[in-house]
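Here's a quick walk through one protein chain, starting at a turn and working outwards. Have the viewer open as you read.

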Amino acid sequence: MPLVGVDFTCAPGRRKPIVAAHGTRAGDVLRLQSLQEIATLAGFEALLAAPGPWLGAFDFPFGLPRAFVDALALGGDARAVIAELHRRCPTRMAWRALIDAWGNARPPGRRLLHRATDTALPGVSSTSPLQTRYVPVGFMYYEGFARLVAAGVDVPGLCAGDTARVALEAYPGWLAHALIGRRPYKNRDGADTLIARKDLVDALEQGRSPLGLRLKLTHAQRDALTADASGDRLDAVLCLVQAAWASRQPGYGLPADVDPVEGWIVGAQTARAATPEAAWTS
């Protein structure tokens, strides 16, 4: 099955495109075929509309914290929640205003809630889907998940759709953390981050990932991953690795009891069980 890992941005352009890593898996070997840069949301929609079969892992949240959804009566499943959210909030700024109005009425420290999956990995936590500043994960959910639903792809545990086109939520940060600890590897052009990217790529090629896969690259691909100071290409490849792992798991490796409004990061449960605690600390 063709595989894709997507590093998503809610406002793509030439300087900051969406990056899609395409590949295929044979046994424990994952071969990177190409890196695609997508400069518009329309281009992202075209990626989702591509005929299957394919399996993709996408770096944005597929759901919202249950307490937030229930408090605002947004709906009982992910499809209903995103539809109601776009009905109430026709723009990203309206979505931010809704979050702020709800959060400002709550005690400090209880405004940007996390989902169960956000804190399911030892030593690392993904950003709250209610965060619309700094790293605007909430905007990524608003733009990204709505397009998954509109494209009619199958989102296991959340939204039934075309089973030849399957979308899973990924989080490259936890896999990077498993391989190189807390060392920064992106969003900074310096010798330390360059070395961290090289070490990440080496670990992936040598099969030291907790997901048990060995990445196959050409020399040109290796250079492209390490030279990208933004880390977007490498994040797309880390998502691709998560898609490849899921492709050989029953039920894509998702827990049987995934909350239908929160969703689940693929590999989170297995990473906790399979990786020693010491490997998650630095």
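In the hairpin of E2 and E3, Gly-27 takes a positive phi near 65°, and 2 residues sit between the strands. Strands here, like helices, are DSSP runs numbered from the N terminus, with at least two residues of E for a strand and at least four of H or I for a helix. Before going further: this is a predicted model, where local features need pLDDT of at least 70, side-chain atom pairs count only at pLDDT 80 or more, and totals for chains, interfaces and linings use all residues. Numbering starts from 1 along each chain as its sequence is written, and side-chain values use heavy atoms, with hydrogens and water left out.

Back to the strands. Two of them count as paired if DSSP finds at least two bridges between them. Here are three of the pairings, each with one bridge partner:

| Strands | Bridges | Direction | One bridge |
|---|---|---|---|
| E1 (residues 3-7) and E2 (residues 18-26) | 5 bridges | antiparallel | Asp-7 with Val-19 |
| E2 and E3 (residues 29-38) | 9 bridges | antiparallel | Thr-24 with Arg-31 |
| E3 and E7 | 3 bridges | parallel | Arg-31 with Lys-216 |

Arg-31 turns up twice: its bridge partners are Thr-24 in E2 and Lys-216 in E7.

How do the strands line up overall? The 7 strands make an open sheet with mixed pairing, in the order E5-E6-E4-E1-E2-E3-E7. Strand E5 (153-154) and strand E7 (214-216) are at the edges with a single partner strand each, so one side of each has no neighbour in the sheet.

Zooming out, the protein chain has 10 helices along with its 7 strands. Its radius of gyration, taken over C-alpha atoms, is 18 Å, close to the 19 Å from the globule rule (2.2 Å times the number of residues to the power 0.38) for 282 residues, so the chain is as compact as a globular protein of that length. Along the principal axes, the C-alpha atoms fill a box of roughly 50 × 40 × 40 Å.

Buried residues (under 20% relative accessible area, 1.4 Å probe, protein chains only) make up 54% of the 282. Taking contacts as heavy atoms within 4.5 Å, 66% of those with a separation of 6 or more link residues 24 or more positions apart.

As for charge, there are 31 positive side chains (Lys and Arg) and 27 negative ones (Asp and Glu), with His and the chain ends not counted. The centres of the two sets lie 3 Å apart, placing each charge at NZ of Lys, CZ of Arg, CG of Asp or CD of Glu.

Note on methods:
Buried means under 20% relative accessible area, exposed over 50%, partly exposed in between (1.4 Å probe, protein chains only).
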